[in-house]
Amino acid sequence: MTTQTTWAVPRAPHELTGRVVVPGSKSQTNRALLLAATSNSDSVLDGVLHCRDSELMMAGLQALGARFRVQTPGRVLVRAPRLLHHGMHPIECGLAGTVMRFLPALAATVAGRTQFVGDEAAARRPMDGLVTGLRQLGARCTYEPHDAGHSPHATLPLTVDAPARLGGPVVEIDSAQSSQFVSALLLAAPRCTHGIDLRHTGAALPSRPHIDMTCTMLARRGVRVEQPEPCRWVVHPGPVQGRDETIEPDLTNAAVFLAVAMVTGGSVEVPGWPRVTDQPGTIFLDLATRMGAIVNRCGDVVRVTGGELHGIDVDLHAASELTPVVAALGLLA
């Protein structure tokens, strides 16, 4: 017998107007936590997003030797570890893509065996490109579903056996499944003996702005990053500098609230909008304008006011996470 449930769709009887403080970017939060945990001095991170993914990232980094202290909500002191070590117990990744991709790459820079596990559904998230890259660097990677003959693809659970010194620097991978394969290797690259000369050899890269975000955050911490070709990145070995950092608001989450103004003809403000950013969610302002909204900026405050909503043709390959919001607006255009 099938149980049916109903859901009352919310309706706005009037224009909605307001100001929304958006939580920090999850993408920036987990990159900043990892970089701070591998830095040569302490860092203070402000605006850190509190969610399951960031909690898993901190717990995983602590399992590798990092130390964190939450000073106030959203403000985290990261102590520079004297020496990272391999994981003594399996590291839980949940369903977090950044955790299950970034931490195995970091663990490959620490001699010894580290195991990674996740939610049941995590076994359906691809790891092929990352495993290919780690093996080229000299790490031994094994994954239980494949070894048992259940899947031709690399997945969790994953075991990384890291050598005393990684090889390289040239690494060639297909990252068409996820740009996180590239970001994971770039974030670990400063700790590699020869750095990394990373080349993507597959089809078009998804979410390219997230790779740009990774490169920008590495450079801000003194890491030398070069991109001699569109699908090639060269990261030189060396120390990652400790620095205090403020996490930007998550602009993709902000799009949901700005869309409310567009649907109801109201006006919604979001403070803290960065003037320059690598977050792909920033393109929502252009999409809102093209769909008939009025967009104003005053300092770091963005205001979107609804107008006559009309449809557009748009390629969201670089910002796929905006698809649900834009699709919902399209239904009402």
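A residue counts as exposed when its relative accessible area is over 50%. With that cut-off in mind, the tour of this predicted model begins at the surface.

**Stop 1: a nonpolar surface patch**

Select leucine 331, a residue of helix H10 (residues 323–332). Its relative accessible area is 74%, so leucine 331 is exposed. Add Val263 and Leu332 to the selection: together with Leu331 they form a nonpolar patch on the surface, with about 330 Å² of accessible area in total.

**Stop 2: a covered helix**

Next, select helix H3, residues 97–107. This helix is mostly covered, with eleven of its eleven residues buried. Among them are Arg101, Phe102 and Pro104.

**Stop 3: two helices side by side**

Display helix H1 (residues 26–37) together with helix H2 (residues 52–63). Two packed helices are described by the angle between their axes and the distance between the axes. Here the axes come within 10 Å and cross at roughly 10°. Angles under 35 degrees count as roughly parallel, and H1 is therefore roughly parallel to H2. To see the contact, show Lys26, Thr29, Asn30, Leu33, Leu34 and Ala37 on H1, and Asp53, Ser54, Met57, Met58 and Leu61 on H2.

**Stop 4: salt bridges**

The structure holds 14 salt bridges; three of them are visited here.

Begin with arginine 79 and aspartate 42, whose closest N and O atoms are 2.7 Å apart in a salt bridge. Arginine 79 belongs to strand E4 (residues 75–79), whereas aspartate 42 sits in the loop between H1 and strand E2 (43–46), so the pair ties together parts that are 37 residues apart in sequence. Both ends can be assessed for cover: arginine 79 is partly exposed at a relative accessible area of 32%, and aspartate 42 is partly exposed at 34%.

Move to arginine 232 and aspartate 197, whose side chains meet in a salt bridge at 2.8 Å, N to O. Arginine 232 is in strand E12 (residues 232–235) and aspartate 197 is in strand E10 (residues 196–200), so this pair ties together parts that are 35 residues apart in sequence. Are arginine 232 and aspartate 197 buried or exposed? Both are buried. Add Arg199 and Glu229 to the view, as these two residues are linked with Asp197 and Arg232 in a network of salt bridges.

Then select arginine 303 and glutamate 269, a salt bridge with its closest N and O atoms 2.4 Å apart. Arginine 303 lies in strand E16 (residues 301–305) and glutamate 269 in strand E14 (residues 267–270), distant parts of the chain that are 34 residues apart. Arginine 303 is partly exposed, with a relative accessible area of 32%, while glutamate 269, at 17%, counts as buried.

**Stop 5: backbone features**

Most residues other than glycine have a negative phi, and most peptide bonds are trans. The following sites are worth inspecting with that in mind.

- Select leucine 156 and proline 157: the peptide bond between them is cis, with omega near -5°. Proline 157 is in the loop between helix H5 (144–147) and strand E8 (158–162).
- Select glycine 168 and proline 169, which are joined by a cis peptide bond with omega about 10°. Proline 169 is located in the loop between E8 and strand E9 (170–173).
- Select serine 207, a residue other than glycine with a positive phi, near 50°. Serine 207 is placed in the loop between E10 and helix H7 (208–220), and is buried, with a relative accessible area of 12%.

Definitions and conventions:
Residues are numbered from 1 along each chain as its sequence is written. This is a predicted model: local features need pLDDT of at least 70, side-chain atom pairs count only at pLDDT 80 or more; totals for chains, interfaces and linings use all residues. Side-chain values use heavy atoms; hydrogens and water are left out. Patches are made of residues with over 30% relative accessible area and no salt bridge: like charges are joined within 9 Å, nonpolar side chains (Val, Leu, Ile, Met, Phe, Trp, Tyr) within 5 Å. Accessible areas come from the Shrake-Rupley method with a 1.4 Å probe; for residues, only the protein chains shown count as cover. A salt bridge is a side-chain nitrogen of Lys or Arg within 4 Å of a carboxyl oxygen of Asp or Glu. Helices (H or I, at least four residues) and strands (E, at least two) are DSSP runs, numbered from the N terminus. Buried means under 20% relative accessible area, exposed over 50%, partly exposed in between (1.4 Å probe, protein chains only). Axes are lines fitted to C-alpha atoms, for helices over the stretch in contact, and angles run from 0 to 180 degrees between N-to-C directions. Angles under 35 degrees count as roughly parallel, over 145 as roughly antiparallel, 65 to 115 as roughly perpendicular and the rest as oblique. Contact means heavy atoms within 4.5 Å.
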